[in-house]
Amino acid sequence: MIINKKALNFKKQIRNLSSVQSLVLCAFFVAIYIVLYFCNIKLTSDIQFRPGYLAIAAAGMYGGPIMGALTGAVGDVLSMLVTGGQGEVFFFGFTVSYTLMGFFFGLVLHGGPITAARGIAAALVEFLVSLFVNTYWLMIMYYSGQNYLALMVTRIPKCLIMLAISSVVLTIIMKALYTAFSRARFLPEYK
């Protein structure tokens, strides 16, 4: 099963988030997100690999949907404040996207070992948010006169390429983090 019961226990996640260790780790994931914001890799003129989502996925894996959503929201806002957006305009819609992404990463990755199926499911989360939600925000920002479906069709190849890359990267990184956290008995279920 891809979604573990622990990922649906929101009361426990909120209680865990009130511990000093979880708050510090959440802040650490936000800081990693900001650092990764500087590490965007341009693959082509239209395709850019933005590794910041890995910090959001790690937060979701560790603390569940609540920590994932919190990391996505706070990370996006703070990265824009700290970096000045690197020439990009701040748009609250993308904060919503990263919040949704963190929530769904938490649903998929929290509460059990990371398998290839869970890594691919997490990459599908990123794919769906990017294709459907981010396309809508881009239409509002830059293409107000354009048809949403027409814009979405032009983004499908980019999103499919990123789905393939994200599937591999998320599976490898999250599996390594889960193994490290488990060996250190650092996951919330060990408390």
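What follows is a short exchange about a predicted model and the labels its residues and helices carry.

Visitor: What makes Phe-91 and Phe-94 an edge-to-face pair?

Guide: Two values settle it. The ring centres of Phe-91 and Phe-94 are 5.9 Å apart, and the planes are at 70°. A pair needs centres within 6.5 Å, and edge-to-face needs planes over 60 degrees apart. Both conditions hold, so the pair is edge-to-face. The structure holds 12 aromatic pairs.

Visitor: Why is the pair of Phe-103 and Phe-104 called edge-to-face?

Guide: The centres of the Phe-103 and Phe-104 rings lie 5.5 Å apart, with the planes at 85°. The angle is over 60, so the label is edge-to-face.

Visitor: Why do Phe-103 and Phe-104 count as partly exposed?

Guide: Phe-103 has a relative accessible area of 25%. For Phe-104 the value is 36%. Buried means under 20% and exposed means over 50%, so values in between count as partly exposed. Phe-91, at 22%, is partly exposed by that rule.

Visitor: Which residues form an aromatic cluster with Phe-91?

Guide: Phe-94, Tyr-136, Trp-137 and Tyr-148 join Phe-91 in one cluster.

Visitor: How do you know that Ser-97 is buried?

Guide: Its relative accessible area is 1%. The cut-off for buried is under 20%, so Ser-97 qualifies. Ser-97 sits in helix H4, residues 92–109. Beyond four places in sequence, its contacts are Val-129, Val-133, Asn-134 and Trp-137.

Visitor: What joins the side chains of Ser-97 and Asn-134?

Guide: A polar contact of 2.6 Å. The limit for such a contact is 3.5 Å between N or O atoms, so this distance falls within it.

Visitor: Where is Arg-155, and why is it called buried?

Guide: Arg-155 is in helix H6, residues 148–183. Its relative accessible area is 13%, under the 20% cut-off, so it is buried. Leaving out residues up to four places away in sequence, Arg-155 touches Ser-130, Leu-131, Asn-134, Thr-135 and Leu-138. From Val-20, 135 residues away along the chain, it is separated by 41 Å, C-alpha to C-alpha.

Visitor: Why do Cys-26 and Cys-39 form no disulfide?

Guide: The sulfur of Cys-26 is 20 Å from the closest cysteine sulfur, which belongs to Cys-39. A disulfide needs sulfur atoms within 2.5 Å, so 20 Å is too far for a bond. Seen from Cys-39, the closest cysteine sulfur is that of Cys-26. The structure holds zero disulfides.

Visitor: Why do Cys-26 and Cys-39 carry the labels buried and partly exposed?

Guide: Cys-26 has 5% relative accessibility, under 20%, so it counts as buried. Cys-39 has 36%, between 20% and 50%, so it counts as partly exposed.

Visitor: Why are helices H1 and H3 called oblique to each other?

Guide: Their axes cross at roughly 60° and come within 8 Å. Roughly parallel needs an angle under 35 degrees, and roughly perpendicular starts at 65. The crossing fits neither class, so H1 and H3 are oblique. On H1, residues 10–17, the contact is made by Phe-10, Gln-13, Ile-14 and Leu-17. On H3, residues 53–83, it involves Gly-63, Gly-64, Pro-65, Ile-66, Met-67 and Leu-70.

Visitor: What makes Asp-46 exposed?

Guide: Its relative accessible area is 65%, and exposed means over 50%, so the label applies. Asp-46 lies in the loop between strand S1 (41–42) and strand S2 (48–49). Its C-alpha is 24 Å from that of Ala-57, 11 residues apart in sequence.

Conventions:
Residues are numbered from 1 along each chain as its sequence is written. This is a predicted model: local features need pLDDT of at least 70, side-chain atom pairs count only at pLDDT 80 or more; totals for chains, interfaces and linings use all residues. Side-chain values use heavy atoms; hydrogens and water are left out. Rings of Phe, Tyr and Trp (its six-membered ring) pair if their centres lie within 6.5 Å; planes under 30 degrees apart count as stacked, over 60 as edge-to-face and the rest as tilted. Buried means under 20% relative accessible area, exposed over 50%, partly exposed in between (1.4 Å probe, protein chains only). Helices (H or I, at least four residues) and strands (E, at least two) are DSSP runs, numbered from the N terminus. A polar contact is a pair of N or O atoms within 3.5 Å; within protein, one must be able to donate a hydrogen and the other to accept it, and residues adjacent in sequence count only if both atoms are side-chain atoms. Contact means heavy atoms within 4.5 Å. Axes are lines fitted to C-alpha atoms, for helices over the stretch in contact, and angles run from 0 to 180 degrees between N-to-C directions. Angles under 35 degrees count as roughly parallel, over 145 as roughly antiparallel, 65 to 115 as roughly perpendicular and the rest as oblique.
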